[in-house]
Amino acid sequence: MPDATLAGHASKATSDSTARQVDVVVVGAGFAGLYLLHRLRKAGFATMVLDEAEDIGGTWYWNRYPGARCDIQTIDYSYTFDPELETAWKWSEKYATQPEILRYLGFIAERYDLRSDIRFRTRITTATWDDAEERWLLTTDDGGTISCRYYIMATGCLSTPKPPEIAGIGDFKGEVYFTGRWPHKDVKLAGKRVAVVGTGSSGIQAIPVIAEQAAHLTVFQRTPSFALPAHNGPVLADRLALLERDRASYREQARWSLAGVPWPQQTLVSWQLSDTERRERFEKAWAMGDLIYFVSQLWADQGSDLDGSALVAELVREKIRAIVNDPKTAAILSPHDHPFGAKRPCLDTNYYATYNRANVTLVNLREEPIAAMIATGITTSQRRFDLDIIVFATGFDAMTGAIMAVHPISGRGGKSLSAVWADGPQTYLGLTVAGFPNLFMITGPGSPSVLSNMIVSIEQHVDWVVDRLTAMREAGFTTIEATETAQAGWARHLADCSTLTLHRLANTWYTGANVPGKALGVMPYTGGVGLYRSICNDVVSRGLLGFRLTGPDHSEQCNDGEIVRLQPDVRILLTMMADMKLPAIESLGVAGARAFTAMLNARRPAGRPVGEIVDGTLPGSDGPLPYRLYRPVTPGPHPIVVYFHGGGWVLGDEKSDDPFCRDMCRRSEMIFVSVGYRRAPEHRFPTAVEDGYAATRWIAEHATELGGRGGPILVAGWSAGGNIAAVTCQLARDRGGPEIAGQLLICPVTDPSFDRPSYTENATGYFLTRSLMCWFWDTYCSPADRTDPRASPLRGKLAGLPRAFVTTAEFDPLRDEGIAYAKALGAAGVPVEQLKACGHFHASFAMVDVVISAASERAKMADALRRFAAQPQYMERPDVHLSARPGTSARAVEQVAQGESASQ
Ligand code: NA7
């Protein structure tokens, strides 16, 4: 029985007994609202859709400016929920025009008979949660009231145009149009002097079309965008064939992809490709005209690394210079202020070539800002432009505008959504907000939405919401609300995800920077639609984790908690490893374990180039030891870091941490010498540490011959290598040198005690297991020897040791002994800094270009080395600026331990 019927019979009178009763009110009759209505109806919910517009279409109803088209290929920009629908509609073009998209939505409304439940020309003026009735009470601009159990915002992400913030806008006596509110009448441009203000996607689509009609077009550009050719035409035959070969599989791949279009994940990074190979890839993408292909298929680091992105940017600028005849105009059109992809690139048709027309003028507002609008046109700081028509393509109050600014929404206890979101949108999953029961947002802030094919994201959200409402009804629950814990956890996860891409480094509508006074922070989910979908599914399979449900007989269900505590890429990696059902390393025997780790290492991305790599040998305590030296590209002499690899004293060699050594060599601009110390079981305790000490001594004595700077040396090591580095510092102090200026200990083994909480909490599931650590210890060192400080540096004397930087990972059995060592160093008066890396596992830092979220930790470690060696810190890149919302800073918290430590 529909909930509205139940309410009508069973509930006390609502707070407004004249209110129309329905189960669900949906705001917006665009792609999201139409599909919601279809699904809710099928599920038996009495549903009403309200829209201010006179007809269906949502974003596509309003954005009817000349040249308006979708920028995702139509075969992907289509509903997929009904296999029969897929073959019932044929798109005429690769990128459909706005009228064709509206025809498609009209076809949908007709096919599923949707119009009868949509009320057009109706604006909601207030929405208030009634705690007693557990219903939302809405008022509308026609004086009506509606009471609903569930209130769903299907308002779109780009629905509320932002004011252009230009003085004197009312003084202009000509015609003024906004691309986001284009009139339904025919706008006559022929023979007119037209201005377009704004060069984002809307401006770039409109400008070439307007230029063909207007007598003269003046484009006022504040910031240039990267525009890529759409090469519009018929639907691409090869993509269509791929879809038609197996529709279900194509759609399923899209649902689990990065951006909602089934392109594979690239694995080759930019520096693994030659200039020629990069250019070939770029030209192929340029010729193809597909936005998602362009932003994801060139090389793996194009969206995550400034250098990888800069290579794309320069190739696009080269194209601009080739197309635009006037070099000065080409220069003005060439973006330099943001990394490629950090702002949504535009798809264009003849955009750059339009500036070769005699009737088009480009005005660079960076050189001559707009002074005012006057009766006859626009004045800049230098000139006056007489105009008949001004078109503002100045964008939207994106993602939050339509939800927050359109009408006051008051949740539990009268709490207003605008107040809750004053410092930026707070959501759980981008779907719900704590304190606002039974309110849902389709593609809200904190979900992939605008960074994906919207249709894929809309369908996923609609399905998730309707499935929840159905399940609640079956279980007898009437309210659902996110918990504060879950919401705070989601904010942290969003902040973690934002480190994976470069979106945080540009002032865009993604970050709220286009609206003066709006809180800054990356609003969409940057982890990709596949990861996001898996998390939403996890929420359900884990008993609606993070939601409180209540029912009429005071029944309640609340499974509180955070859905993701791991860093996003660590989560993906561990899931992949679990799916691979890898054998337990300790079950393979020593030879098998070495072969297995060598095989894993061979599959990882190669490290980045450094100035020089030299393999050599040095005299150890008992014969020669191999080493690998990494020299920076910058002129020396450089400080030297003696590095000890990980591998539990049993596995690995001087080359096995190659990507990490390269990365640290580049970041610190220091020589790294990775030492091939002898391993157990052939050489048990104390061989590895004695080799480590002997190697450090020799390297210090031969620093200048190695091309390094004389004077104190640095040591570093990961895992068992961290143990060797720590012990080396103790031996150097006790045996008369060499002088060590600092020690970098990364997830070090410091003590053989297995009773610390991290050994229990992280015993399995995080790659380094308790059982593997036991095997390492047994293979390396007899129980009797383990109290020796050379095996367990935590049990040694710590006063007088070199200053230290200790990194620990939250999901690592070794976490607590690393923290204990830092604490003990601090207590012994050793200056120590500690980096507790939240959401990371034991191998996070060594997995360069796999665990991208650990890049900032590696940067901090490199900075620590530079501090040890009294080198200046890195300057921040001058060409980018970080936008960060207060309270959502990265989770890796650096702090000075000095005897005190924060819990993880
Ligand atoms: P965008 O991408 O936000 O572009 C708006 C443009 O308007 C952009 O070039 C702005 O320059 C410019 N702008 C905004 N205010 C002003 C003022 N006051 N003076 C001069 N120029 C101004 O919006 P779109 O509608 O083009 O595209 C939005 C999305 O819709 C798009 O990404 C697709 O997903 C579809 P600024 O960069 O702020 O200097």
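An open sheet of 5 strands runs in the order S7-S16-S8-S9-S12, with parallel pairing. The model described here is predicted. At the edges of this sheet stand strand S7 (175-178) and strand S12 (360-364), each of which pairs on one side only. Ignoring direction, neighbouring strands are turned by 20 degrees against each other on average. Within the sheet, strand S8 (residues 193-197) and strand S9 (residues 216-221) run parallel and are joined by 5 bridges. Opposite Arg193 stands His216 in S9.

The loop between S7 and S8 contains Thr179. With a relative accessible area of 4%, Thr179 is buried; the cut-off for that class is under 20%. Leaving aside residues up to four places away in sequence, Thr179 touches Trp62, Asn63, Arg64, Tyr65, Ser202, Val391, Phe392 and Ala393.

A further open sheet has 3 strands in the order S13-S14-S15, and its pairing is antiparallel. Strand S13 (370-374) and strand S15 (384-386) are the edge strands; each has a single partner strand, so one side of each lacks a neighbour in the sheet. From one strand to the next the twist averages 20 degrees. Strand S14 (residues 377-380) pairs with S15 in the antiparallel sense over 3 bridges. Gly377 has Asp386 in S15 as its bridge partner.

Two helices illustrate how burial is distributed. In helix H8 (residues 247-255), the buried residues are Tyr250, Arg251 and Ala254. These residues lie on the same side of H8, because they cover an arc of only 95 degrees around the axis. The elements covering them include helix H4 (83-88), helix H7 (237-245), helix H16 (454-475) and H18.

Helix H17 (residues 484-498) has 15 residues and spans 21 Å from its first C-alpha to its last, close to the 21 Å expected at 1.5 Å a residue. Of the 15 residues of H17, 11 are buried, so the helix is largely enclosed by the rest of the structure. Among the buried residues of H17 are Trp490, His493, Leu494, Asp496 and Cys497. Its buried residues pack against helix H18 (529-541) and helix H19 (568-580). Helix H18 thus appears in the surroundings of both helices: it is among the elements that cover the buried residues of H8, and it packs against those of H17.

The last topic is the cysteines. A disulfide is a covalent bond between the sulfur atoms of two cysteines. A search of the whole structure finds 0 disulfides. Cys558 is in no disulfide, and the nearest cysteine sulfur, that of Cys536, is 18 Å away. For Cys729, the closest cysteine sulfur is that of Cys661, and the separation of 17 Å is too far for a bond; a disulfide would require the two sulfur atoms to be within 2.5 Å. The accessibility of the two residues is as follows: Cys558 counts as partly exposed, whereas Cys729 is buried.

| Cysteine | Nearest cysteine sulfur | Sulfur distance | Relative accessibility |
|---|---|---|---|
| Cys558 | Cys536 | 18 Å | 33%, partly exposed |
| Cys729 | Cys661 | 17 Å | 1%, buried |

How values were computed
Residues are numbered from 1 along each chain as its sequence is written. This is a predicted model: local features need pLDDT of at least 70, side-chain atom pairs count only at pLDDT 80 or more; totals for chains, interfaces and linings use all residues. Side-chain values use heavy atoms; hydrogens and water are left out. Two strands pair if DSSP finds at least two bridges between them. Helices (H or I, at least four residues) and strands (E, at least two) are DSSP runs, numbered from the N terminus. Axes are lines fitted to C-alpha atoms, for helices over the stretch in contact, and angles run from 0 to 180 degrees between N-to-C directions. The expected span of a helix is 1.5 Å times one less than its number of residues. Buried means under 20% relative accessible area, exposed over 50%, partly exposed in between (1.4 Å probe, protein chains only). Contact means heavy atoms within 4.5 Å. The arc is that of the directions from the helix axis to the C-beta atoms.
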